[in-house]
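Hi,

As promised, here is the structure we talked about. Have a look at it first, and my notes follow underneath.

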Amino acid sequence: MTEPVLSVRNLKVEFASRRGTLRAIDDVSFDIAKGEVLGVVGESGAGKSVTGLSVIGLIDPPGRIAGGEIRLAGLRIDNLPPEEIRRIRGKRIGMIFQDPLTSLNPLYRVGDQIVETIRTHLNLSETAARRRAIDLLAEVGIPAPEKRIDGYPHEFSGGMRQRVVIALAICAEPELIIADEPTTALDVSVQAQIISLIKRLGRDHGTAVMLVTHDMGVIAETSDRVAVMYAGRVAEIGPVQDVVRNPLHPYAKGLMGAIPTLAGDDKRLVQIPGSMPRLSAIPRGCSFNPRCAFVFDRCRVERPEPLPRGTQSVACHLYDSVPAESAA
Amino acid sequence: MLAFTLRRALQAIGVMFAVGIIAFSMFRFAGDPVNQIVSIDTSAAEREAVRKSLGLDDPVPVQFVRYFGDAAQFKFGVSYQFRQPVSTLLMERMPATLELAICATIFAMVFGILMGVYSALKRDTALAKLFQAVSLIGISLPTFLIGILLIYLFAVTLGWLPSFGRGEVVKLGWWTTGLLTLSGLKALIMPSITLGLFQMTLIMRLVRAEMLEVLRTDYIRFARARGLTTRAIHFGHALKNTLIPVITVAGLQFGSVIAFSIITETVFQWPGMGLLFVQAVQNVDIPIMAAYLLMVSLIFVTINLVVDILYTVVDPRLRSTVGRAT
């Protein structure tokens, strides 16, 4: 297998707070191959966005990467000096944020923002950059780009603004796009367009995509593989059809049970009781144990490590037949 | 855009009309003007003649319309004290006040924005904390005290700068300027600092707060994710967004700089409109007081109008909503 575009190993992210250090990301590992879309799913606060931000080096103090490593095509990027990671941002890693309405600077024309980004990363003249900006706007599906390029952000609708944001993210042909809830702020019909746009761009340019969302439907439609996150850890990771059809982790089972089907059977949707623990009160052992229907003694004591299971990998004691010594 | 400007201009005229009523009523409530003009031993018949010649025996509305009509042509009557047309007196004094106010505002803007940006970007440095402390002093110390302290230090103790007056001035038509002579420039330093210090600290605190606010916004985060240089983010994206409220405040403050120059002008015996006004108050010279009131409010109203229009120039969002609304 060739080297993955993105490789995250044992990533730990901590936030210093008045009541001690909170660990937002604990021992997260995953790879994304060229042209692959990895969906990252989980409840709010599971650490999805923080994972994305730490890859692109935008964790602000008091947060910091406390351990592990992040490699972009083999190059370690989690410990680069600020100026070097700055050069990678936007050029080799593009990022799309949740809210297109606030992602663009309201005082600058969209064209100026695109040209500015292009010229920061590529050695192009003003006119060449502008031509490229028009091409990009056309590629992301903005009609009459040679006119719209001189518009201000407020003259664009939400969906169109997200297209501009995507154009900005891909303007230097990055190897990796991190899309942090790219459709959450949009209405449903526009969501589908944006999703297929991201998918198409990933396919056409061979770009790896890390798609962060809490919408299982979006993941099922777009991703090749999916990582289910819970309380700062990866509960389960695997090819999307396997995880959706045959989830292993009790939390993943709960999530899949909560997707309504179009088949029309009026079964009630399954609900996972309780809510995710706060970072300051993560239980001992498996962090999911207070909400888990299959909980047993070992779960309350020992933290499960990821175990390979077919094409999937799951962090749950249910799948570990070897009893641990500390289980007593 | 044109309709917007016209509407604002009409509102401005309405405000000026209201101020005119207040200025006019000063004549009616601050005692009988005839008593101010004539001496004690003037006969009743002579008083009546003066009253008639000034039109003071006409009905009040007639007097008001006459006053307002004259004021609109910058005729404010004759000063009781100087026996000269008030407009001539004001015109003589205005360049001094405007020069002082403009220098003070430039001082306040330049240092306020620089210090504000610095203390927002380098929040935790000792210098930023010092700026914060200095700004507290600037905001809480009264103007006259700062002026007197400056005089004590730079004029009395060190003898570097003159303690009063405008220095040598050069006449350019009706305008007199102190900007072209060394003594004029030296004389301008301390009054400008005294007058501008409050505005400077205000602008500094505003810039700092706005900048910190802007740096937290999504579009700054996105600009960082796009890999723009820190310089481009701070001075291209953040500062421009910060300056919108700063323009408003600085613009509106320019009016109060002129109005509050009364104190600075008194401390430094600066021969401007403010000093003229203070002397007029001491001598119950109502035409000057009323004219000063009208002039200052005219400046205020004009500045408001200009700021409103400037706003639409800086912020494209406003431009189009204004266009749509009209």
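I'll begin with a helix in chain B. α8(B) has a kink of about 45°, and the kink is centred on B:Gly196. Please keep in mind that this is a predicted model. The end-to-end span of α8(B) is worth a look too: the helix covers residues 182–215, and its end C-alpha atoms are only 43 Å apart, where a straight helix of 34 residues would span 50 Å at 1.5 Å a residue. α8(B) is also mostly covered, with 24 of its 34 residues buried.

As for chain B in general, it contains 13 helices and two strands. Its C-alpha atoms fill a box of roughly 85 × 60 × 35 Å along the principal axes. Of the 326 residues in chain B, 34% are buried. Among contacts in chain B with a separation of 6 or more, 70% come from residues 24 or more positions apart.

Now to where the chains meet. On the chain B side, 19 residues are in contact with 23 residues of chain A. Three helices of chain B, α9 (218–225), α10 (230–267) and α13 (316–325), each supply at least two residues of that side. The most comes from α9(B), which gives seven residues. By type, the chain B side divides into seven nonpolar, five polar and seven charged residues.

In chain A, a helix to compare with α8(B) is α4(A), residues 110–121. Its twelve residues should span 16 Å at 1.5 Å a residue, and the 17 Å between its end C-alpha atoms agrees with that. Ten of those twelve residues are buried, so α4(A) is largely enclosed by the rest of the structure. The buried ones include A:Val110, A:Ile114 and A:His121. What covers them includes α5 (126–139) and α7 (158–170) of chain A, and also α10 of chain B.

The last item is a strand of chain A, β10(A), residues 233–239. Six of its seven residues are buried, so β10(A) is largely enclosed by the rest of the structure. It pairs with β9(A), residues 225–230, in the antiparallel sense over six bridges, and A:Arg225 has A:Pro239 as its bridge partner. The hairpin of these strands has two residues between them, and A:Ala231 there takes a positive phi near 50°. β10(A) also pairs with β12(A), residues 312–314, in the antiparallel sense over two bridges. In that strand, A:Val314 stands opposite A:Glu236.

Happy to talk it through whenever suits you.

Best wishes

Conventions
Residues numbered from 1 in each chain as written. Chains lettered and ligands numbered in written order. Predicted model: local features only at pLDDT ≥ 70, side-chain atom pairs only at ≥ 80, totals over all residues. Helix = DSSP H or I, 4+ residues; strand = E, 2+ residues; numbered from the N terminus. Buried ≥ 20, exposed ≤ 12 C-beta atoms within 10 Å, placed from the backbone. Contact = placed C-beta atoms within 7 Å. Expected span 1.5 Å × (residues − 1). Bend = angle between axes of the 7 residues up to and from the residue. Nonpolar A, V, L, I, M, F, W, Y, C, P; charged D, E, K, R; others polar. Pairing = 2+ DSSP bridges.
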